[in-house]
Amino acid sequence: QLQLVESGGGLVQPGGSLRLSCAASGFSADVYAIGWFRQVPGKEREGVSCISKSGTSIYYKDPLKGRSTISRDNAKNTVYLQMNSLKPEDTAVYYCAAALETPPISTVAAMCVTGVMDYWGKGTLVTVSS
């Protein structure tokens with residue numbers, strides 16, 4: 001059974017850092033692009049960052065662009081999202097998702113912008129508050 005499990009969320013003070021992890025099981029993560037998305041209650045889910053299956057193509061969207069780094073360790077079937085200089089407005093449930101790099105959504109930019117992914121995790125809550 002294909003599964004994505006996020007971890008690493010929690011309470012952090014403004015200006016702090018967190019590293020989220022997305023562990024894949026039931027499939028080999030290196031055949032899928034992986035994306036991080038977030039959602040605040042009452043708002044639409046938005047893309048944060050996406051990384052290609054090889055790790056050579058990366059896309060960042062505005063909310064955390066310049067304050068986050070996505071990476072993957074295919075040997076561990078895990079993708080990471082390092083977030084720095086966190087702000088209260090970064091408070092959200094963060095989800096990871098996987099997608100095959102096939103048309104029409106074949107680039108990480110398209111995945112992050114459209115949110116069209118094949119598999120989703122259940123999310124991890126990040127709260128930025130003093």
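Trainee: How many aromatic pairs does a search of the whole structure find?

Mentor: The search finds four aromatic pairs. Keep in mind as we go that this is a predicted model.

Trainee: Why is the pair of F37 and W120 called tilted?

Mentor: Let's take it in two steps. The ring centres are 4.9 Å apart, and rings pair if their centres lie within 6.5 Å, so F37 and W120 count as a pair. The planes stand at 55°. Stacked needs planes under 30 degrees apart and edge-to-face needs over 60, so this pair is tilted.

Trainee: What makes this a link between distant parts of the chain?

Mentor: F37 sits in strand 4 (residues 33–39) and W120 in strand 10 (residues 119–120), and the two are 83 residues apart.

Trainee: Which of the labels buried, partly exposed and exposed fits F37, and which fits W120?

Mentor: F37 has a relative accessible area of 1%. Buried means under 20%, so F37 is buried. W120 comes to 28%, which lies between 20% and the 50% needed for exposed, so W120 counts as partly exposed.

Trainee: What lies over the face of W120?

Mentor: That is R45, at 3.8 Å from the ring centre. The distance limit for a charge over a ring is 6 Å, and 3.8 Å falls within that limit. Elsewhere, ring pairs join F27, Y32 and Y119 into a cluster.

Trainee: Let's turn to charges. Why can side chains of opposite charge pair?

Mentor: They can do so when their charged atoms come close. Here the count comes to three salt bridges.

Trainee: What makes the contact of E46 with R38 a salt bridge?

Mentor: Their closest N and O atoms are 2.7 Å apart. The cut-off is 4 Å, so the contact of E46 with R38 qualifies. The two ends have their own labels: R38 is buried at 6% relative accessibility, while E46 is partly exposed at 28%.

Trainee: What else does R38 meet in a salt bridge?

Mentor: R38 also meets D90, with 2.9 Å from N to O. D90 is in the loop between strand 8 and strand 9 (92–99), whereas R38 is in strand 4, 52 residues apart from D90. D90 and R38 are both buried.

Trainee: Why is the pair of R67 and D90 said to tie together parts of the chain?

Mentor: R67 lies in the loop between strand 6 (58–60) and strand 7, and D90 in the loop between strand 8 and strand 9, so the pair connects parts that are 23 residues apart in sequence. The N to O distance for R67 and D90 is 2.8 Å, and both residues are buried.

Trainee: Which residues are linked in a network of salt bridges?

Mentor: R38, E46, R67 and D90 are. You have just met each link: E46 with R38, D90 with R38 and R67 with D90.

Trainee: Now the strands. What makes strand 1 and strand 7 the edges of their sheet?

Mentor: The open sheet has four strands in the order 1-3-8-7, with antiparallel pairing. Strand 1 (3–7) and strand 7 each have a single partner strand, so one side of each is left without a neighbour in the sheet. On average, neighbouring strands are turned by 15° against each other, direction ignored.

Trainee: Why do strand 7 and strand 8 count as paired?

Mentor: Six bridges join strand 7 to strand 8 (residues 78–83). Pairing needs at least two bridges, so strand 7 and strand 8 pair. Within this pairing, S68 stands opposite M83. The two strands form a hairpin with four residues between them, and N77 in the turn has a positive phi of about 55°. Strand 3 (residues 18–25) also pairs with strand 8 over six bridges, with C22 opposite V79.

Trainee: Where do the side chains of strand 7 point?

Mentor: They alternate: S68, I70 and R72 point to one face and are buried, while T69, S71 and D73 point to the other and are not. In a regular strand, side chains alternate between the two faces of the sheet.

Trainee: Finally, why does the radius of gyration agree with a compact globule?

Mentor: With 130 residues, a compact globule would have a value near 14 Å, and the chain has 14 Å, so the two agree.

How values were computed: Residues numbered from 1 in each chain as written. Predicted model: local features only at pLDDT ≥ 70, side-chain atom pairs only at ≥ 80, totals over all residues. Heavy atoms only, no water. Phe/Tyr/Trp six-rings, centres within 6.5 Å; stacked < 30°, edge-to-face > 60°. Buried < 20%, exposed > 50% of the residue type's maximum accessible area, 1.4 Å probe, protein only. Lys NZ or Arg CZ within 6 Å of the ring centre and 35° of its normal. Salt bridge = Lys/Arg side-chain N within 4 Å of Asp/Glu carboxyl O. Axes fitted to C-alpha atoms, helices over the stretch in contact; angles between N-to-C directions. Rg over C-alpha atoms; globule rule 2.2 N^0.38 Å.
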